[in-house]
Amino acid sequence: MAALILTLFLPLLGAGIILFMNKTQRKGIQYTALGFALATFVVSLFLLFGFDPANADFQYYIHTTWIASLDIGFRIGIDGMSLLLVLLTTFITPITILSSFQAIKDRDKLYYMMLLLLEFGMIGVFVALDTILFYVFWEIILIPMYFIIGIWGGPRRIYAAIKFFLYTFIGSLLMLVAIIWIGIWGGGDAGFTADYLTLREIAPTVPLAIQQWLFLAFALSFAIKVPLFPFHTWLPDAHVEAPTPGSVILAGILLKLGTYGLIRYNLELFPQASIFFAPLLSTLAVIGIIYGALVAMVQSDVKKLVAYSSVSHLGFIVLGIFSMTTEGLQGAVIQMINHGLSTGMLFLCVGILYERRHTRELAEYGGIVTVMPKFAVLLGFAVFASAGLPGLNGFVGEFLTMLGAYQSPILGTWTYVAFAALGVILAAAYLLRMYNGVIFGPNLNPKNHALPDLTKLELWQLVPVTIFLVWIGIYPSTFLQLSETNMRLVSSKIEAAHRQMSQEHRVSSTSQMPLSPASLSFLLPQEIKNMHRQQQRELTEDGNGAAQQQMSDEEWMQE
Amino acid sequence: MSELIFLVPLLPLVGAIINGFFGTFIKNEKIIGWIGSLTVGIAFLLVCLIFFDQLSLPPESRSVTVTLFPWIVAGKFDISIAYLVDPLSLTFALFVTGVGFLIHVYSIGYMHGDRGFFRFFAYLNLFIFMMLNLVLADNLLLTFLGWEGVGLCSYLLIGFWYDQKFSGTRIEWTVDAAQKAFIVNRIGDFGMVLAMFILFALFGTLRYLDVNAAAVTQFPDGSLALSIAALLIFLGCTGKSAQIPLYVWLPDAMAGPTPVSALIHAATMVTSGIFLVARLSPLFALSPAAMGVVAVIGIATAFIAATIGLVQNDIKKVLAYSTVSQLGYMFAALGVGAVTAAVFHVVTHAFFKALLFLGAGSVIHAMHEEQDIQKMGGLKKYMPTTYWTFVVAALAISGIPPLSGFFSKDEILWNLFINGSTLLWLVGAITALLTAFYMFRLVHLTFHGTPRFDPEKVHPHESPPTMTIPLIVLAILSIVGGFLGIPHAFGHALHIPHFLEQWLHPVLVETHKILGIEPATEIHPIEFVLMGISVVLALIGIAVATWFYITNQQIPQRLAERFRGLYQLLWNKYYVDELYYTLIVDPLWYGSTTLLWKITDVGIIDGTVNGIARLIGHFGNLFRKIQTGIAQSYAVMMVAGIVLILIWMLFL
């Protein structure tokens with residue numbers, strides 16, 4: 001318990017302490033921030049010891065009432081997936097702080113406060129088990145990120161920051177509507193509830209036609225964050241303009257909030273709607289894989305290249321999620337970690353070059369290996385991990401997501417995978433183009449003749465990440481087993497829903513027209529209550545639905 | 001004994017780590033070189049021990065699986081890092097470590113003084129590690145790890161001299177060739193990955209033994225899915241083993257240092273495809289369509305690559321096309337179900353082609369990095385060891401008895417005839433003639449005749465013993481290697497068994513059963529006739545080459561002028577590279593830049609986003625004008641509003 005509370009609040013405490021420091025004490029501020037980030041990492045490691053991977057329930061569960069009348073509470077807890085993502089966050093943050101030592105040259109105090117606040121928000125999203133609390137954390141993140149891009153960014157930083165903010169914000173407003181709707185539905189006669197655990201039981205009973213709307217409201221918010229094609233255009237701008245540490249956090253963790261949300265909220269709350277929309281989202285994911293790769297291939301700005309590669313890589317994660325098989329979901333979870341590590345590292349490397357030359361044009365580089373051999377080796381690890389070379393981490397995730405999608409009874413066709421696999425070819429094309437262009441060839445540019453190799457500080461950023469690239473590549477079980485039970489549960493629930501849906505389909509060809517409720521009256525609270533009550537009556541009359549749900553859970557337990 | 005197999009790949013890995021991370025501190029070339037060589041050498045001895053151990057067992061128990069640790073486990077998917085020790089994997093492991101060791105030793109001499117000496121040995125060791133994983137793997141996924149791993153090493157080693165120029169179609173630097181190799185191979189890997197999904201969906205496993213067994217029991221008459229899986233795997237093989245349509249990377253891969261060409265791009269890595277098809281031969285055997293494709297692609301590649309090899313002037317490029325051609329033979333053999341013959345040719349080819357490349361390396365070394373055979377000639381007297389070993393290899397590849405190439409190639413030709421068709425045999429036989437011709441064209445232009453270089457500037461010399469000793473060892477192997485597989489036509493009467501056939505038999509029982517191939521018991525007189533024909537063809541090839549390039553040196557030029565179009569076609573490698581660039585690469589590049597990036601991304605999507613933002617801004621501006629702050633205008637608006645409401649209430 002204490003470990004989770006500490007993990008969540010240590011960064012906030014750090015930010016609070018920095019608030020009272022003298023802004024001229026640059027070193028003091030930097031090391032305070034680093035100290036708190038490292039302490040958070042160490043504390044979060046303790047979460048591992050008390051964690052039981054075989055237990056599908058949320059662990060370290062804490063519940064404190066917040067707004068009693070609306071049943072909104074401070075409810076936090078973690079399962080395997082959130083544990084992995086929390087660890088990713090606490091691992092990446094100290095590294096970004098190290099890279100900030102070089103990249104951030106003014107207004108340190110504000111900056112490190114923002115960074116720690118960001119970490120607080122991100123951990124919060126991953127541990128929140130209350131929809132309103134989740135929403136609060138979700139929005140908290142926007143603020144520090146907005147400032148990090150807007151204050152310490154490149155020349156077009158204001159445009160990029162506003163674009164980032166508005167894009168994300170529009171999505172999250174729709175999500176808020178959905179959170180309120182489902183809260184009223186779930187509250188029953190009590191009025192309202194934001195308890196995720198309650199909602200997870202109740203939400204799947206929402207009629208499909210309305211589930212679809214709720215699904216879309218959540219999915220849009222998450223799709224923008226992921227970002228899924230065609231909602232991705234904020235990403236290249238945000239990445240190019242953000243300072244290096246900002247890009248690292250953005251790629252490393254922020255994007256995972258979207259994929260995390262897709263599993264936690266879309267799949268778990270709305271299994272039927274997820275099944276209905278799986279083909280659509282998988283199609284967008286596959287388009288993103290190929291599209292992102294092709295656009296990345298023709299970029300001349302190294303950072304933009306890596307940014308577009310994220311669109312491609314995240315496509316694999318979304319494809320794995322909507323395969324809704326254990327293999328695909330497990331692949332998605334491990335790929336979230338992988339992408340955080342390898343793309344985060346790519347951005348660190350781009351930053352290291354930028355610090356030395358203040359340009360990101362591919363044409364400006366070449367033959368860097370002659371002056372920076374250590375850098376060449378470490379960048380090589382990141383590049384080949386990203387390209388999905390077996391033995392490094394990226395392969396494990398890509399392979400599992402595609403395997404899951406291939407077998408998925410819900411997607412039911414090999415087409416997605418056939419196209420997704422093309423992305424693997426293209427990944428080699430754009431990454432090698434970058435690696436060859438920067439590292440190899442002759443070192444002809446006189447400005448590059450005397451670049452210093454990696455400093456100790458930079459090695460401390462890159463080497464720890466590299467260790468994990470290899471570790472996950474060779475022995476991914478350490479990480480996969482943490483989330484296996486949870487993902488099994490998710491996929492078995494979806495499977496049960498799928499079976500049930502196809503049975504119902506056979507009995508009566510669907511009377512619910514998807515996505516076409518007679519009017520928007522379903523948005524009115526009174527209407528929600530009525531619908532809920534009516535459904536409760538129906539359920540108690542035949543008692544079938546609940547029994548079936550029970551059955552499938554038991555079946556799963558037997559497996 | 002077999003349990004020790006994990007040490008075999010581990011040793012080179014340790015070597016790679018020591019040299020890779022501490023090479024800069026060790027500095028001493030001798031120590032680095034011998035760490036690299038000995039780790040492989042000891043691995044070779046270990047494989048030998050395991051080999052003899054298995055040989056002492058009864059044939060049916062010559063298959064041991066050694067599981068190390070779980071690798072990827074999720075849901076129903078469960079794959080371990082595990083090695084399968086059986087005759088097929090041991091055969092490959094033997095020549096990979098054996099030839100690998102020799103080439104390591106050779107490299108100590110060849111790479112002497114190179115600034116990346118330690119890096120070279122680290123890569124080379126890493127390559128051996130990956131290659132051993134590829135051939136020893138107990139499942140397709142671990143093979144794939146090795147498969148991509150050798151691709152990585154190939155990439156690193158082709159571009160080893162990363163700041164040197166290398167000319168090719170749209171290739172300017174060696175690293176461009178490296179990139180091309182990796183990406184072209186990735187196209188093949190695309191097929192491999194899909195095939196793995198299909199196989200897992202069908203059988204719920206990727207372990208070779210299980211897949212093969214399940215394929216035979218579940219689909220005794222074959223199935224479409226099985227054929228597709230087999231063809232996708234073969235797509236992977238066309239990449240790694242340089243067959244049509246993906247062979248284009250191999251000639252450019254010659255940008256790497258010559259030992260690399262010998263080890264990776266001739267002897268070992270490029271035979272991975274043959275290994276894989278052999279490993280999954282029951283699967284292929286169940287699909288006549290896939291077998292047909294393999295045979296046709298194989299023989300077509302053999303012929304086409306040989307024709308290109310006729311006119312090339314770069315010593316290594318000739319050898320590269322020769323490799324592509326020989327690999328084609330091997331696939332042709334696989335396509336008609338002659339797995340033993342294919343593996344046999346893999347082994348002998350590893351000997352004589354490695355020898356040819358190392359000999360070429362010795363020549364290039366002596367000629368101060370000159371690779372154009374038009375600028376050589378008469379080198380025989382300067383470097384006798386290189387010369388004699390090179391001739392041995394050339395005779396072997398041409399199929400002159402009793403050298404190794406004769407036995408293995410003839411077994412392939414015989415199988416093409418008896419299990420395939422006369423046409424396959426005919427193309428194969430003609431290719432044999434072409435092979436003999438281009439090999440002796442190479443020998444004559446390089447070693448015979450009068451020197452065409454400037455003796456003032458270039459002083460050819462014999463290479464040091466670290467280089468010549470491997471040449472001699474490989475020459476001996478090229479001579480005697482053929483006795484691994486004495487044809488029945490000879491062996492039957494003399495009671496000498498075909499060793500390789502017996503040795504591989506336990507692995508191929510199923511395949512042979514499916515294809516209805518039975519061990520040869522009687523002698524076909526026609527086998528002797530075909531043998532005679534191919535020897536005669538080889539001799540004709542050699543004779544013509546001698547006539548063209550020694551006796552009457554004007555002929556080649558006159559022919560080139562006479563058949564100008566054909567010559568240009570061959571010289572430009574049938575313009576295949578150009579075709580690929582124009583049809584695939586350029587449109588993709590152009591489309592991505594304009595249609596996807598500039599139009600869709602920046603134009604449509606961002607245009608919409610920014611457009612909406614601007615629209616909202618406009619509305620804001622519009623409404624702002626109402627908020628003037630002048631009380632009179634507010635009053636006017638209020639009155640107007642009241643009037644409107646009244647009208648609505650009264651009249652509507």
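Student: Where does Tyr60(A) sit?
Tutor: Tyr60(A) lies in strand β1 (residues 59–67) of chain A. Strands here are DSSP runs of E with at least two residues, helices are runs of H or I with at least four, and both are numbered from the N terminus. Mind that this is a predicted model: local features need pLDDT of at least 70, side-chain atom pairs count only at pLDDT 80 or more, and totals for chains, interfaces and linings use all residues. Residues are numbered from 1 along each chain as its sequence is written, while chains are lettered from A and ligands numbered from 1 in the order in which they are written.

Student: What makes the phi of Tyr60(A) worth a remark?
Tutor: Phi of Tyr60(A) is near 55 degrees, a positive value, and the residue isn't glycine. Most residues other than glycine have a negative phi, and most peptide bonds are trans.

Student: Which peptide bonds of chain A are cis, then?
Tutor: Val226(A) and Pro227(A) are joined by one, with omega about -10 degrees. Phe229(A) and Pro230(A) share another, with omega about 0 degrees. Pro227(A) is in the loop between α8 (208–225) and α9 (234–241) of chain A, and Pro230(A) is in the loop between α8 and α9 as well.

Student: How do you know whether chain A agrees with a compact globule in its radius of gyration?
Tutor: Take the radius over C-alpha atoms and set it against 2.2 Å times the number of residues to the power 0.38. For 559 residues that rule gives a value near 24 Å; chain A has 23 Å, so the two agree. Its C-alpha trace spans about 80 × 55 × 45 Å along the principal axes, and chain A has 20 helices and two strands.

Student: Over to chain B. Why are α16(B) and α19(B) called roughly parallel?
Tutor: Helix α16 (residues 384–398) and helix α19 (residues 465–480) of chain B pack at about 25 degrees, with axes 9 Å apart. That angle makes α16(B) roughly parallel to α19(B), since the label covers angles under 35 degrees (over 145 is roughly antiparallel, 65 to 115 roughly perpendicular, the rest oblique). Axes are lines fitted to C-alpha atoms, for helices over the stretch in contact, and angles run from 0 to 180 degrees between N-to-C directions.

Student: Which hand does the crossing of α16(B) and α19(B) have?
Tutor: It's left-handed, meaning that the near helix is turned anticlockwise from the far one by less than a right angle; clockwise would be right-handed.

Student: What makes α3(B) and α15(B) earn the parallel label?
Tutor: Helix α3 (residues 87–110) and helix α15 (residues 339–366) of chain B pack at about 5 degrees, with axes 11 Å apart. So α3(B) counts as roughly parallel to α15(B). Among the residues in contact (C-beta atoms, placed from the backbone, within 7 Å) are Phe95(B) and Ile103(B) of α3(B) and Val347(B) and Leu358(B) of α15(B).

Student: How many residues of each class does that contact of α3(B) with α15(B) have?
Tutor: Ten nonpolar, three polar and no charged. Nonpolar takes in Ala, Val, Leu, Ile, Met, Phe, Trp, Tyr, Cys and Pro; charged is Asp, Glu, Lys and Arg; the others, Gly among them, are polar.

Student: How many residues does each chain put into the contact between chains A and B?
Tutor: Chain B gives 38 and chain A gives 44. On the side of chain B, α6(B) gives the most, with twelve residues.

Conventions:
Two residues are in contact if their C-beta atoms, placed from the backbone, lie within 7 Å.
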